[in-house]
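Here is a quick tour of one structure, with an eye on its charged pairs and its enclosed space. Have a look at it first, and then we'll walk through the details.

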Amino acid sequence: MNWLRLISEGALVLLLIPIAVLLYYGFGPLRDSQGLSLLVLRSIALTLVSSALALAVNVLLFTPLAYHLARSNDRLSDALVDIPVSVPHPIIGVALLILDSPQTPTGHVLLSLGINFYNTLLGLVIALVIMSGPIYVRAMQPVFESRDESPEYFARGMGAGPLRILYSVVLPDSKSGLVSASLVSMSRAMSEFGSISIIAYYVLQYPFYGVSAASVTIFNLFSGAVPGGLNAAVTASAALILVALPITLGAHLVRRKNHD
Amino acid sequence: MIDALIRKKLGAFSLDAEISGEGFICRAGRYGAGKTTLMRAMAGLATLDDGYVKIDGSDVSSWPAERRGIVMVTPSSSIPHLEVDSHITWGARLGGRAPPNARVSEVKSRLGIDFNGRVGRLSLGMKERVVLATALLSPSRVILVDEAFSNLHERDAFIACYRELAKSAGKEVIFSSQVESDGSLADHLFVIEGGKTRRAA
């Protein structure tokens with residue numbers, strides 16, 4: 001009797017029960033058309049678009065950091081990466097509010113340049129970058145760490161600096177690792193609630209005009225802020241899960257393919 | 001002209017090595033004797049506890065690895081996603097100067113590179129030829145070959161050929177070996193044992 005296997009699979013099933021419950025009730029007994037309304041669909045679209053934008057920023061902004069942490073012994077930077085996700089998420093939203101508030105000096109400067117975080121796509125994406133960036137870094141670090149360093153040393157010996165090596169030697173050969181880390185990071189962004197409920201509860205500008213991210217919309221349906229009720233919330237949740245599932249599974253499949 | 005004194009402690013192992021000379025140098029030693037550590041320290045890929053590295057009289061000891069003009073080549077140095085022809089000229093193009101086609105053809109034919117394709121898919125011996133050719137065509141002044149002659153067909157002939165090409169390009173080569181008899185393939189031989197070197201030829 002393989003007890004390890006049994007206990008492992010059992011724990012996994014426990015973890016997946018809430019998802020199964022949502023999918024079953026959402027499309028079954030509690031199905032409510034309000035949960036698949038245009039409002040919900042547009043929210044899911046906003047979640048997808050904003051998470052994809054956050055992902056693009058993460059890749060551009062944080063890939064060098066992941067590589068630096070993988071190749072250097074910079075323990076301080078390594079410790080700092082985890083800080084944004086270890087504080088309650090709403091306070092990150094509050095921090096962004098303060099940063100861009102008309103009552104603070106930084107806010108004065110930003111607002112005078114036309115940079116507004118509150119209830120905008122910009123604010124939404126920035127919050128998502130802060131919350132999913134560390135996940136991206138942590139996912140990319142092992143991709144770089146597990147590489148044989150010899151080609152990097154070779155390139156250095158011929159005069160390439162570390163950044164050049166990252167782009168010309170390492171990344172072209174790390175594509176599946178990058179895709180996998182991206183999908184994990186995007187999943188994280190899609191599930192975010194706390195920070196965005198403060199800084200961008202709605203997105204007021206074109207083309208969204210008052211749509212909220214899916215997580216916020218589901219909360220609204222549940223709490224009655226938007227007419228809907230429990231059934232609608234459950235159905236909307238099921239719909240969101242269906243959309244998010246391929247992304248999470250995709251990350252896993254790409255990782256598996258990479259190791260074979 | 002290379003002149004180096006390397007002192008480094010790695011756990012229980014302590015390296016106290018000296019090497020100086022020009023041309024094609026063989027450094028022989030058993031596995032674990034310190035050959036790789038010595039090369040890494042010279043290339044700037046590992047720090048020295050004490051000592052110096054001088055190339056043609058310039059002290060490069062505090063220079064970063066990418067500015068020393070010393071390239072270290074191992075059997076796994078190849079950059080897998082490049083095509084053979086791109087790979088061979090990669091080092092040279094990094095320095096801003098693509099080598100003339102005639103030179104590239106000469107190096108390719110003398111080193112037995114008559115194949116194509118992505119370097120990552122080649123056999124070990126082919127990869128080694130590509131990497132050695134790349135180092136030869138690059139702007140580096142010194143090439144440190146760490147076991148990268150090990151998977152080659154007709155090894156002695158290849159090494160003799162490489163020696164000529166390096167000489168005509170004005171490059172110094174230090175290669176590591178597990179057998180002292182390889183000293184006959186070089187201008188000078190240093191033997192390294194338990195972290196200490198002695199000049200044997």
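A residue is called buried under 20% relative accessible area, exposed over 50%, and partly exposed in between. Keep in mind that this is a predicted model.

With those cut-offs, Asp78(A) comes out as partly exposed because its relative accessible area is 27%. Its salt-bridge partner is Arg138(A), and the closest N and O atoms of that pair are 3.4 Å apart. Asp78(A) sits in helix α3 (residues 75-81) of chain A and Arg138(A) in helix α6 (residues 121-145), so this contact ties together parts that are 60 residues apart in sequence. Arg138(A) is partly exposed too, at a relative accessible area of 25%.

Arg138(A) also has a salt bridge to Asp82(A), at 2.8 Å from N to O. Here the link runs from helix α6 to the loop between α3 and α4 (89-99) of chain A, with the two residues 56 apart. Asp82(A) has 33% relative accessibility and therefore counts as partly exposed.

What about a pair with less solvent access? Glu192(A) and Arg188(A) form a salt bridge, with the closest N and O atoms 2.9 Å apart. Glu192(A) is buried at 1% relative accessibility, and Arg188(A) is buried at 16%. Elsewhere, salt bridges with shared partners join Arg71(A), Arg147(A), Glu149(A), Glu152(A) and Asp173(A) into one network.

Side by side, the three pairs look like this:

| Salt bridge | N to O distance |
|---|---|
| Arg138(A) and Asp78(A) | 3.4 Å |
| Arg138(A) and Asp82(A) | 2.8 Å |
| Arg188(A) and Glu192(A) | 2.9 Å |

How many salt bridges are there over all chains? The count is 22. As a general point, side chains of opposite charge can pair when their charged atoms come close.

Now for the enclosed space. There is one cavity of 30 Å³ or more, and the largest cavity has a volume of about 40 Å³. Its lining includes Glu192(A), along with Thr47(A), Ser50(A), Ser51(A), Leu128(A), Ala189(A), Met190(A), Ile196(A), Ala213(A) and Ser215(A). The elements that give two or more residues to this lining are α2 (38-71) and α9 (175-190) of chain A. The largest share, three residues, comes from α2(A).

Which classes of residue make up that lining? By class, five are nonpolar, four polar and one charged. Glu192(A) thus turns up twice in this tour: in the cavity lining and in the salt bridge with Arg188(A).

Key
Residues are numbered from 1 along each chain as its sequence is written. Chains are lettered from A and ligands numbered from 1 in the order in which they are written. This is a predicted model: local features need pLDDT of at least 70, side-chain atom pairs count only at pLDDT 80 or more; totals for chains, interfaces and linings use all residues. Side-chain values use heavy atoms; hydrogens and water are left out. On a 1 Å grid over the protein atoms alone, a cavity is a set of points where a 1.4 Å probe fits but cannot get out, and a pocket is an open set with protein on both sides within 12 Å along at least five of seven lines; lining residues have an atom within 4 Å of a point. Grid points are joined across faces, edges and corners, and a volume is the space filled by probe spheres set on the points. Helices (H or I, at least four residues) and strands (E, at least two) are DSSP runs, numbered from the N terminus. Ala, Val, Leu, Ile, Met, Phe, Trp, Tyr, Cys and Pro count as nonpolar, Asp, Glu, Lys and Arg as charged, and the others, Gly among them, as polar. A salt bridge is a side-chain nitrogen of Lys or Arg within 4 Å of a carboxyl oxygen of Asp or Glu. Buried means under 20% relative accessible area, exposed over 50%, partly exposed in between (1.4 Å probe, protein chains only).
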